Each structure stands twice: as C-alpha cells, then as structure tokens.
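The following paragraphs lead a new reader through one protein structure, beginning with a single residue and widening to the whole. Please keep the sequence and the structure in view while reading.

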Amino acid sequence: MAYEEHFQQTSEAKYDCLLFDIDDTLYPLSSGLAMEVKKNIQEYMVQKLGIEEDKVQELCLSLYKIYGTTMAGLKAVGYDFDYDDFHRFVHGRLPYSTLKPDPILRNIILSLPIRKVVFTNADKAHAAKIIARLGLEGCFEKIISFETLNPITKTESPVDTKTREIFDIISYMANPDSSIELPKTSVVCKPSEGAFEQVFKMANINPKKTLFDDSIRNIQTGKRVGLHTVWVGTSHREEGVDIALEHIHNIREALPQLWDAVDDKAEEIRTRQKVAIETIA
C-alpha cells in the first residue's frame with residue numbers, strides 16, 4: 001500500500017514535456033544568424049517579389065507585428081510565391097559554419113527524464129542543419145517544422161504579383177481604420193493560437209504539464225494557451241514569462257525539479273526491491 005501511494009505521488013510530476021524553439025534558443029543570438037536571416041528576407045522581397053528597396057524594412061516590420069512572420073504577412077497581403085523557394089533563398093545561404101557542437105547542451109537534453117519536442121516556424125531543412133551543427137541529433141522525440149503545419153508547400157499556379165492587387169499594409173499601419181478588415185494569412189505558424197492547438201493535438205501534448213521556450217512574443221501566446229514559459233537569452237522577466245534564462249545551459253540550475261523524476265525512479269526501484277525482499281522474508 002505504501003508503495004502504491006509513493007508511485008502515485010512520483011507519477012504526478014509537474015512537467016512531462018519540454019517544447020523547444022530552435023533559433024536564438026538552442027544557440028545564442030550572438031551567433032549572428034538572425035541578422036543574416038533578416039537580410040536574406042529583405043533581399044528576397046526586392047529580388048523575387050519586386051518590392052521597392054526603400055519600403056522593404058518598414059514592410060517587414062509591419063508584417064511581423066501583425067502576422068508573426070514576414071512570410072505569413074507577405075502571403076496575407078497578396079504576394080504569391082513558392083514556400084520552398086523562399087526557404088532556400090532565406091536559409092540556404094546562411095553561414096551555418098558559425099555554429100559549433102554543444103556537448104553541454106546535448107548532455108542536458110539527454111539527461112532530461114521528460115519528453116523533448118521541437119516546435120519551429122522554420123523549414124525542416126533549416127531545423128535539421130541547426131540540430132546537426134549543434135550535435136543534437138537524436139535528442140528530440142519529434143521536430144515540428146513549417147512543413148508539418150503547412151503540408152502543401154507549393155502554390156498551385158504562380159501568379160504575377162504585378163497584376164494582382166496588394167493590400168497596402170504600410171498605409172494601414174500609418175492610419176488604422178477599424179472598418180477595414182485585414183486580410184488573413186494561409187500560413188499556419190507561431191504566434192497563432194491555432195498553430196499551438198494543432199501542435200498539442202499532433203504531438204499529444206498537455207500544455208498544463210509542458211514547458212515552452214521561445215521568443216517573447218511566442219511565449220506570451222504560449223502562456224495564453226496554458227503553457228509554462230521559459231524565455232532564453234535574458235534574465236529579465238516580462239509579462240507571460242515564468243522563467244528567464246541568460247543561456248539555455250542555465251536550465252538545470254533554474255529548473256532542478258525537471259530532474260526529480262530521475263531521483264524518483266531510483267527511489268521507486270529501491271522501494272520495489274524492498275517490498276520484494278520483505279515479501280520473500
């Protein structure tokens with residue numbers, strides 16, 4: 001009876017899953033990859049979509065604020081392009097060689113006695129390259145990428161954006177009008193609550209027992225849908241942030257309870273052995 005009560009207590013762990021982002025989380029912002037991504041997105045907009053160079057920076061900011069990612073916003077306001085082409089242009093030219101294997105992080109992740117799942121807005125090729133460069137292959141149960149949530153990755157019939165009407169999001173942001181309905185995006189991604197709900201279903205995740213680390217905007221949505229949140233890259237907490245870490249390496253010091261299950265499992269084995277010995281005696 002005592003063993004059954006002990007087992008019930010240890011099986012009710014506070015967390016049973018850690019939901020990781022990849023970019024600027026598994027590796028630091030100081031790597032410079034984020035700036036390269038931003039530059040490549042802006043070049044894509046000029047070279048591939050024909051957007052005037054002097055409008056690109058403001059357009060990126062407006063789209064990001066409203067739609068969560070520039071890609072999602074470009075689709076919403078009327079630009080037609082191939083998702084794979086976008087990802088190849090934006091991520092295919094990144095200096096991945098700046099990232100080095102991180103054996104400390106690998107050991108931390110592998111030692112976690114709970115589920116580990118990646119949830120990224122990036123394409124699967126980018127996610128795989130980052131994980132490989134960091135030496136984190138085999139650390140995660142599942143990698144949920146852009147393609148996972150957006151399985152149809154190619155437009156059916158390319159359309160010349162010069163012949164179709166593009167919603168002027170910059171003018172709208174300068175003079176917001178509540179009578180105007182903003183166009184919706186076909187892209188499913190963070191920070192949309194719908195994207196989180198899809199991930200919970202496909203990965204069988206209970207948000208109330210899951211830790212989630214990401215950028216501040218995605219974290220705030222994560223908090224609204226019930227996740228426990230970790231902001232990596234700063235020790236400063238903001239609204240929606242449960243725990244703030246300067247570096248992902250600090251997770252063991254900040255959340256030692258994640259490893260309690262290891263100790264509990266050892267205690268469970270000892271208890272079973274004790275019960276078996278007493279029964280035999």
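Setting aside its neighbours within four places in sequence, His126 is in contact with Asp23, His91, Leu94 and Tyr96. The structure shown is a predicted model. His126 belongs to helix H7. Is this residue buried or exposed? His126 has a relative accessible area of 1%, and because the limit for a buried residue is under 20%, His126 counts as buried.

Helix H7 leads on to the strands around it. This helix, residues 124-133, joins with strands S2 and S3 to make a right-handed β-α-β unit. S2 and strand S3 (residues 142-144) run parallel and are joined by three bridges. In one of these pairings, Phe119 has Ile144 of S3 as its bridge partner. Strand S2 spans residues 115-119, and four of its five residues are buried, so the strand is largely enclosed by the rest of the structure.

S2 also pairs with strand S1 (residues 17-20), in the parallel sense and over four bridges. Along this pairing, Cys17 stands opposite Arg115 in S2, and Leu19 has Val117 as its bridge partner in S2. S1 is further joined by four bridges to strand S4 (residues 210-214), and these two strands run parallel. There, Phe20 stands opposite Asp213 in S4. Which way do the side chains of S1 point? Cys17 and Leu19 point one way from the strand, Leu18 and Phe20 point the other way, and all of them are buried.

Beyond S1, the chain passes through a loop towards helix H2 (33-47), and Leu26 has its place in that loop. Leu26 is buried, with a relative accessible area of 1%. What surrounds Leu26, leaving out residues up to four places away in sequence? Leu26 touches Phe20, Asp21, Leu105, Leu134, Leu136, Phe140 and Ile248. A further relation ties this loop to helix H7: Leu26 and Ile130 are 104 residues apart in sequence, yet their C-alpha atoms are 8.7 Å apart in space.

Phe140, one of the residues touched by Leu26, has its own set of contacts. Not counting residues up to four places away in sequence, Phe140 touches Phe20, Leu26, Ile109, Lys116, Val118 and Ile131. In soluble globular proteins, nonpolar side chains tend to be buried together. In this model the largest nonpolar core has 61 residues. Those with the most contacts inside this core are Phe20, Leu74, Phe81, Leu136, Phe140 and Leu258. Apart from this core lies another, of 19 residues, among them Leu149, Phe212, Val225 and Trp231.

The aromatic residues deserve a separate look. A pair of aromatic rings is described by the distance of the centres and the angle of the planes. A search of the whole structure finds eleven aromatic pairs. One of them, formed by Tyr44 and Phe81, is edge-to-face, with 6.1 Å from centre to centre and 75 degrees between the planes. This pair links distant parts of the chain: Tyr44 lies in helix H2, whereas Phe81, 37 residues away, lies in the loop between helix H4 (70-77) and helix H5 (83-91). Tyr44 and Phe81 are both buried.

Another pair has a different setting. The ring centres of Phe196 and Phe200 are 6.4 Å apart and the planes stand at 55 degrees, so this pair is tilted. Both residues lie in helix H10 (residues 193-202), four residues apart, which is about one turn of the helix. Phe196 is buried, with a relative accessible area of 0%, and Phe200 is likewise buried, with a value of 6%. Returning to Tyr44 and Phe81, these two form one aromatic cluster together with Tyr83, Phe86, Phe89 and Phe146.

The view can now widen to the whole protein. The protein has 13 helices and six strands. Of its 281 residues, 44% count as buried. The protein exposes about 15,100 Å², and carbon and sulfur atoms supply 52% of this area. How are the contacts spread along the sequence, counting those between residues at least 6 apart? Of these contacts, 69% join residues at least 24 apart in sequence.

Key
Residues numbered from 1 in each chain as written. Predicted model: local features only at pLDDT ≥ 70, side-chain atom pairs only at ≥ 80, totals over all residues. Heavy atoms only, no water. Buried < 20%, exposed > 50% of the residue type's maximum accessible area, 1.4 Å probe, protein only. Pairing = 2+ DSSP bridges. Right-handed = clockwise from strand over helix to strand, strands pointing away. Contact = heavy atoms within 4.5 Å. Areas by Shrake-Rupley, 256 points an atom, 1.4 Å probe, with all protein chains shown as cover. Core = buried A, V, L, I, M, F, W, Y, C linked by side-chain atoms within 4.5 Å. Phe/Tyr/Trp six-rings, centres within 6.5 Å; stacked < 30°, edge-to-face > 60°.
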